[in-house]
Amino acid sequence: MSNRVPVTVLLLIGEQAEITTPQRDHTDPERVSADRITQDTGIPREELPGAEVVAVLDDEGDLVRFERA
């Protein structure tokens, strides 16, 4: 079983992407590898800021992968 949550990529900082989720808004964004989002979704790195994707979480709430929204 997995859960899907909407994610918005706010911006890139070096190799990291700052993302918001229903649990973490723009005042406390999560940082993940920008390359991971690009590899999982096929969205070019330069198009990540502002992109809306879906994070797939396992039953423990750990990030499994990203998908296009």
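Two strands count as paired here if DSSP finds at least two bridges between them. With that in hand, we can walk through the sheet. Keep in mind that this is a predicted model.

## The sheet

Let's start with the overall layout. Five strands make up an open sheet, its order reads E3-E2-E1-E4-E5, and the pairing is antiparallel. At the edges sit strand E3 (30–33) and strand E5 (63–68), each of which pairs on one side only. Neighbouring strands in this sheet are turned by 45 degrees against each other on average, if you ignore direction.

As a quick reminder, strands of a sheet pair through backbone hydrogen bonds, and they can do so in a parallel or an antiparallel way.

## Strand by strand

Take the E3 end and work across. E2 and E3 run antiparallel and are joined by four bridges, with Ala-17 standing opposite Val-32 in E3. Next along, E1 and E2 pair in the antiparallel sense over five bridges. Val-9 has Ile-19 in E2 as its bridge partner. The two strands E1 and E2 form a hairpin with just two residues between them, and Gly-14 in that turn has a positive phi of about 60 degrees.

Then comes the pairing of strand E1 (residues 3–13) with strand E4 (residues 52–57), which is antiparallel and spans six bridges. Here Val-5 faces Ala-55 in E4. Finally, E4 and E5 pair in the antiparallel sense over five bridges, and Val-53 finds its bridge partner in Arg-68 of E5. E4 and E5 also form a hairpin, this time with five residues between them, and in the turn Gly-61 shows a positive phi of about 90 degrees.

## The helix on the sheet

Helix H1 (residues 34–41) packs on the sheet, where it touches E1, strand E2 (16–20), E3, E4 and E5. The direction of H1 makes about 55 degrees with that of E5.

Which residues of H1 are buried? They are Ala-34, Ile-37 and Thr-41. Viewed down the axis of H1, these buried residues fall within an arc of 65 degrees, so they line one face of the helix. That fits a general rule: an α-helix has 3.6 residues a turn, so residues three or four places apart point the same way. As for what they meet, the buried residues of H1 pack against E1, E2, E3, E4 and E5.

The two ends of H1 are worth a look too. At the N-terminal end, Ser-33 acts as a cap, with a side-chain oxygen 3.3 Å from the backbone nitrogen of Asp-35. Just after H1, Gly-42 takes a positive phi of about 80 degrees.

## The nonpolar core

The largest nonpolar core holds 15 residues, and those touching the most other members are Ala-17, Ile-19, Ile-37 and Phe-66. E1, E2, H1 and E4 each supply at least two residues of this core.

What does Ile-37 touch, leaving aside its neighbours within four places in sequence? Its contacts are Val-9, Ala-17, Ile-19, Val-32, Gly-42, Leu-48 and Phe-66.

## Two buried threonines

Strand E2 is mostly covered, with four of its five residues buried. Thr-20 lies in this strand, E2. With a relative accessible area of 14%, Thr-20 is buried, because the cut-off for buried is under 20%. If residues up to four places away in sequence are not counted, Thr-20 touches Pro-6, Val-7, Thr-8, Leu-10, Asp-25 and His-26.

The other threonine, Thr-41, belongs to helix H1. Thr-41 is buried as well, with a relative accessible area of 9%. What does the side chain of Thr-41 reach at 2.7 Å? It reaches the backbone oxygen of Ile-37. A polar atom of the Thr-41 side chain also lies 3.1 Å from the backbone nitrogen of Ile-43. Beyond its neighbours within four places in sequence, Thr-41 is in contact with Val-53, Phe-66, Glu-67 and Arg-68. Two of these, Val-53 and Arg-68, are the bridge partners met earlier. As for Val-54, it is 13 residues from Thr-41 in sequence and 9.3 Å away in space, C-alpha to C-alpha.

Terms used. Residues numbered from 1 in each chain as written. Predicted model: local features only at pLDDT ≥ 70, side-chain atom pairs only at ≥ 80, totals over all residues. Heavy atoms only, no water. Axes fitted to C-alpha atoms, helices over the stretch in contact; angles between N-to-C directions. Contact = heavy atoms within 4.5 Å. Buried < 20%, exposed > 50% of the residue type's maximum accessible area, 1.4 Å probe, protein only. Arc of directions from axis to C-beta. Polar contact = N/O pair within 3.5 Å; in protein donor to acceptor, adjacent residues only side chain to side chain. Core = buried A, V, L, I, M, F, W, Y, C linked by side-chain atoms within 4.5 Å.
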